[in-house]
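Welcome, and please open the structure in your viewer. We will go from one selection to the next and say what is there at each stop.

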Amino acid sequence: MQDKDLNRLKLVLVEKKRTGLWLSEQLGVSNTTVSKWCSNITQPTLPTLDKIAEILGCEKRDLIND
């Protein structure tokens with residue numbers, strides 16, 4: 001199990017005043033999938049990360065922890 005969260009998706013959604021349900025609808029994926037990404041249980045693919053950044057109007061690097 002990982003000690004460190006790999007993505008900041010949950011934080012960026014809060015900053016943008018959007019929900020996981022909204023993002024799942026935009027991407028055409030299940031809400032459960034987005035929830036797993038937000039909880040850092042699984043990670044989105046790089047092409048999906050590109051789409052997420054575009055939808056949220058941010059840079060990919062904003063979605064990833066150092």
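The tour below visits helices, a core, salt bridges and cysteines, all in a predicted model.

**Stop 1: helix α3**

Start by selecting residues 31-38, which make up helix α3. Which of its residues are buried? They are V34, W37 and C38. Turn the view to look along the helix: these residues span an arc of only 100° around the axis, so they sit on the same side of α3.

Now show what lies over them. The cover on the buried residues of α3 includes α1 (9-15), α2 (20-27) and α4 (46-56). Before leaving, step on to N40, which follows α3 and has a positive phi, near 60°.

**Stop 2: helix α2**

Next, select α2 and colour W22, L23, S24 and L27, which are buried in this helix. What helps to cover them? The elements include α1, α3 and α4. Just past the end of α2 comes G28, where phi is positive again, at about 75°.

Keep L23 selected for a moment and show its surroundings. Setting aside neighbours within four places in sequence, L23 is in contact with L9, L13, V34, I52 and I55. You have met V34 already, as one of the buried residues of α3.

**Stop 3: the largest nonpolar core**

L23 also leads into the next stop. How many residues are in the largest nonpolar core? There are 15, and the members that touch the most others are L9, L23, I52, L56 and L63. Select these five to find your way around the core. Then colour by helix: α1, α2, α3 and α4 are the elements that each give two or more residues to this core. The largest share comes from α4, with four residues.

**Stop 4: the salt bridges**

Switch to the charged side chains. How many salt bridges are counted here? The count is two.

For one of them, select E15 and R8, whose side chains meet with N to O at 3.4 Å. Are these partners buried or exposed to some degree? E15 is exposed, with a relative accessible area of 52%, while R8 is partly exposed at 22%.

For the other, select D50 and K60, where the closest N and O atoms are 2.9 Å apart. This pair links distant parts of the chain: D50 belongs to helix α4 and K60 to the segment after α4, ten residues apart. Both partners are partly exposed: D50 has a relative accessible area of 36%, and K60 has 41%.

**Stop 5: the cysteines**

Finally, select C38 and C58. How many disulfides are there in this model? The count is zero. C38 is in no disulfide, and the nearest cysteine sulfur, which belongs to C58, is 12 Å away. Since a disulfide calls for sulfur atoms within 2.5 Å, this pair does not qualify. The result from the side of C58 is that this residue is in no disulfide either, with the sulfur of C38 as the nearest one.

Look at the surface around each of them as well. C38 counts as buried, at 15% relative accessibility, and C58 is also buried, at 15%. C38 brings the tour back to its starting point, as one of the buried residues of α3.

Technical notes. Residues are numbered from 1 along each chain as its sequence is written. This is a predicted model: local features need pLDDT of at least 70, side-chain atom pairs count only at pLDDT 80 or more; totals for chains, interfaces and linings use all residues. Side-chain values use heavy atoms; hydrogens and water are left out. Buried means under 20% relative accessible area, exposed over 50%, partly exposed in between (1.4 Å probe, protein chains only). The arc is that of the directions from the helix axis to the C-beta atoms. Contact means heavy atoms within 4.5 Å. A salt bridge is a side-chain nitrogen of Lys or Arg within 4 Å of a carboxyl oxygen of Asp or Glu. A nonpolar core is a set of buried Ala, Val, Leu, Ile, Met, Phe, Trp, Tyr and Cys residues joined through side-chain atoms within 4.5 Å.
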